[in-house]
Amino acid sequence: MAEFVSHSAEETVSFAAEYAKRLKGGDIVLLKGDLGAGKTVFCKGLAKGLGVEDEILSPTYAYMNDYSGKLYHFDCYRLSCGEQAEGLGLTDYFYMDGICVIEWAENIASVLPSGCREVRLEKTGENERLIIYE
């Protein structure tokens with residue numbers, strides 16, 4: 001695991017855009033962190049790095065937003081088990097060519113494939129975040 005300290009949302013976006021260059025189609029990134037830690041900001045940077053120009057919004061009530069098949073942004077906060085994700089068809093996206101980014105993945109841990117990458121964001125100050133990644 002490696003670490004990066006971001007001092008602003010803009011730095012988080014820039015870091016995530018560079019991180020996106022390490023990813024390949026079919027990769028799954030588990031974004032971990034408390035509410036307000038910057039998970040959606042990180043996802044905005046990934047989208048930028050993948051060439052997605054759409055506005056990135058948290059999919060809390062939609063469960064998943066599809067950005068042109070390049071990026072699938074999941075928010076599993078309201079799910080209580082992997083079977084719910086399967087029932088909604090969310091797990092089908094794990095086997096497509098886009099990058100899956102999953103917030104609150106621990107809620108669906110039972111259906112996650114092996115080999116997922118993990119990125120943890122920790123709020124260490126008003127605008128500062130510690131990003132721990134592999």
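The dialogue below considers how to read the fold, the surface and the charged side chains of a predicted model.

Colleague: How many helices and strands does the protein have, and in what order do the elements run?

Modeller: This predicted model contains 3 helices and 7 strands. Read from the N terminus on, the elements follow the order β-α-β-α-β-β-α-β-β-β. The radius of gyration is 14 Å, close to the 14 Å that the globule rule gives for 134 residues, so the protein is as compact as a globular protein of that length.

Colleague: What does the C-alpha trace span along its principal axes?

Modeller: The trace spans about 40 × 30 × 25 Å.

Colleague: What share of the residues is buried, and how does one read contacts along the sequence?

Modeller: A residue counts as buried when its relative accessible area is under 20%. In this protein, buried residues make up 49% of the 134 residues. For contacts, one considers pairs of residues at least 6 apart in sequence; of these contacts, 63% join residues at least 24 apart. As for the accessible surface, its total is about 6,800 Å², and carbon and sulfur atoms account for 47% of that area.

Colleague: How should I read the charged side chains?

Modeller: The general idea is that side chains of opposite charge can pair when their charged atoms come close. Here there are 13 positive and 22 negative side chains, and the centres of the two sets lie 3 Å apart. A search of the whole structure yields 5 salt bridges. In one of them, glutamate 18 pairs with lysine 21, with the closest N and O atoms 2.9 Å apart.

Colleague: Are glutamate 18 and lysine 21 buried or exposed?

Modeller: Glutamate 18 has a relative accessibility of 47% and therefore counts as partly exposed. Lysine 21 is exposed, its relative accessible area being 59%.

Colleague: Which residues are linked in a network of salt bridges?

Modeller: The network links Lys24, Asp27 and Arg117. Aspartate 27 meets lysine 24 at 3.2 Å, N to O. Aspartate 27 also forms a salt bridge with arginine 117, where the closest N and O atoms are 3.5 Å apart. This second pair links distant parts of the chain, 90 residues apart: aspartate 27 lies in the loop between helix H1 (9-20) and strand S2 (28-32), and arginine 117 in strand S6 (residues 117-123).

Colleague: How accessible is each member of this network?

Modeller: Aspartate 27 is buried, with a relative accessible area of 10%. Lysine 24, at 54% relative accessibility, counts as exposed, whereas arginine 117, at 22%, counts as partly exposed.

How values were computed. Residues numbered from 1 in each chain as written. Predicted model: local features only at pLDDT ≥ 70, side-chain atom pairs only at ≥ 80, totals over all residues. Heavy atoms only, no water. Helix = DSSP H or I, 4+ residues; strand = E, 2+ residues; numbered from the N terminus. Rg over C-alpha atoms; globule rule 2.2 N^0.38 Å. Buried < 20%, exposed > 50% of the residue type's maximum accessible area, 1.4 Å probe, protein only. Contact = heavy atoms within 4.5 Å. Areas by Shrake-Rupley, 256 points an atom, 1.4 Å probe, with all protein chains shown as cover. Lys, Arg positive; Asp, Glu negative; His and termini not counted. Charge placed at Lys NZ, Arg CZ, Asp CG, Glu CD. Salt bridge = Lys/Arg side-chain N within 4 Å of Asp/Glu carboxyl O.
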